[in-house]
Amino acid sequence: MSEDPGGAAYLVREPGAADVEAFAELHVRIWRETYRGIMDDRVVDGLAVETFRPRWYAIARAYEHGTVADDGRAVRVALREEEAVGFAMVGPARDDDAPAPRQVWSLNVAPEHQGSGVAQQLLDEVLPDGPAYLWVARGNDRAIRFYERNGFTLDGTQAEDQHDGVVELRMVRR
C-alpha cells in the first residue's frame, strides 16, 4: 500500500464483480478529464459508462473465475477508502511491428490522485522489469514524463486514430 499526501492508504488489487460499476464510471470520468482538448470533443462528449461496463465485467469475471489468459496480462485496480481511483492493464503486444513482447494497455488515475504515487504502485504491480512499450496521447505531457521516469523513451513512431482524432506516440523500454 502507498499513501496519498493526505495520509490515506491506497489498496491495489485484482478487480472483482463489485468493482464493475465504479471502474466503468471512473474510466469515463478520467477520459473526459484527461483527453478533453486532446481527443475530438464529440468523442469525449459521447463517452458513456455503457461503453466501458462490458469490458470491466469481462475482466472482473475472468479474475473471479480464474480464467485470466496465461499470456502475461494483468489488471489491477486502486482504491482509497473504498473509492475507485485508478487502474492499470498490461498484456502481450497488440501490434504486428511491436518493439517489445509486453505492452502497457492502459494506466489511468483520477486527476485528484495524480502525483500521489498510486500510478507508480499500479505500474509496479502489473509490469515486471524488462522490455515493454506503450502508446501515449500526444499532449499528455504528464504521462510522458511519468513513463520517462520508468525507463520508457519516445521512439519516433506515431499513429493517428481516425475515430477519435488522437495522435498516439510510442514509448519503448528496452
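This text walks through a predicted model, from one helix to its aromatic rings and then to its charged pairs.

Start with helix H3. H3 runs over residues 49-65. The helix has 17 residues and reaches 24 Å from its first C-alpha to its last. That is close to the 24 Å expected at 1.5 Å a residue. Just after H3 comes Gly-66, which takes a positive phi of about 65°.

Which residues of H3 are buried? They are Val-49, Phe-52, Trp-56, Ile-59, Ala-60, Ala-62 and Tyr-63. Look down the axis of H3, and these buried residues fall within an arc of 160°, so they line one face of the helix. The other side of H3 has exposed residues: Glu-50, Pro-54 and His-65. What covers the buried residues of H3? The cover includes H1, S3 and S4. Helix H1 spans residues 20-35. Strand S3 spans residues 74-80, and strand S4 spans residues 83-92.

Now follow one of those buried residues, Trp-56. Its relative accessible area is 1%. The structure holds 6 aromatic pairs. In one of them, Phe-23 and Trp-56 meet at 5.4 Å centre to centre. Their planes are 35° apart, and the pair is tilted. Phe-23 lies in H1 and Trp-56 in H3, so the pair ties together parts that are 33 residues apart in sequence. Phe-23 is buried too, at 0% relative accessibility.

Another aromatic pair joins Tyr-147 and Phe-152. This one is edge-to-face, with 75° between the planes and 5.8 Å centre to centre. Both partners are buried. Tyr-147 has a relative accessible area of 6%, and Phe-152 stands at 0%.

Return to Phe-23 and Trp-56. Together with Phe-87 they form one aromatic cluster. Phe-87 is found in strand S4. At 0% relative accessibility, Phe-87 counts as buried. What does Phe-87 touch, leaving aside its neighbours within four places in sequence? Its contacts include both cluster partners, Phe-23 and Trp-56. Leu-26, His-27 and Ile-30 are also in contact with Phe-87. So are Arg-76 and Val-77. The list is completed by Ser-106, Leu-107, Asn-108 and Leu-122. Leu-169 offers another reference point. Phe-87 and Leu-169 are 82 residues apart along the chain, and their C-alpha atoms are separated by 21 Å.

One ring has a charge for company. The charged end of Arg-94 sits over the ring of Trp-105. The distance to the ring centre is 3.8 Å.

Next come the charged pairs. Side chains of opposite charge can pair when their charged atoms come close. How many salt bridges does the structure hold? There are 11.

Take Arg-13 and Asp-19. They form a salt bridge whose closest N and O atoms are 2.7 Å apart. Arg-13 is partly exposed, with a relative accessible area of 28%. Asp-19 is buried, at 7%.

Glu-14 forms a salt bridge with Arg-76. Here the closest N and O atoms are 3.9 Å apart. The pair links distant parts of the chain, 62 residues apart. Glu-14 sits in the loop between strand S2 and H1, while Arg-76 belongs to strand S3. Glu-14 is partly exposed, at 41% relative accessible area. Arg-76 is buried, at 15%. Arg-76 has appeared before, as one of the contacts of Phe-87.

Which charged pair joins H3 to H1? It is Arg-53 with Glu-21. Their closest N and O atoms are 2.8 Å apart. Arg-53 lies in helix H3 and Glu-21 in helix H1, so the pair ties together parts that are 32 residues apart in sequence. Both residues are partly exposed. Arg-53 has a relative accessible area of 29%, and Glu-21 one of 33%. Salt bridges can also share partners, and in that way Arg-29, Glu-33 and Glu-112 are joined into one network.

Put the pieces around H3 together. An aromatic pair links H3 to H1 through Trp-56 and Phe-23. A salt bridge links them through Arg-53 and Glu-21. Phe-87, from strand S4, joins Phe-23 and Trp-56 in the aromatic cluster.

Methods. Residues numbered from 1 in each chain as written. Predicted model: local features only at pLDDT ≥ 70, side-chain atom pairs only at ≥ 80, totals over all residues. Heavy atoms only, no water. Phe/Tyr/Trp six-rings, centres within 6.5 Å; stacked < 30°, edge-to-face > 60°. Helix = DSSP H or I, 4+ residues; strand = E, 2+ residues; numbered from the N terminus. Buried < 20%, exposed > 50% of the residue type's maximum accessible area, 1.4 Å probe, protein only. Lys NZ or Arg CZ within 6 Å of the ring centre and 35° of its normal. Salt bridge = Lys/Arg side-chain N within 4 Å of Asp/Glu carboxyl O. Contact = heavy atoms within 4.5 Å. Expected span 1.5 Å × (residues − 1). Arc of directions from axis to C-beta.
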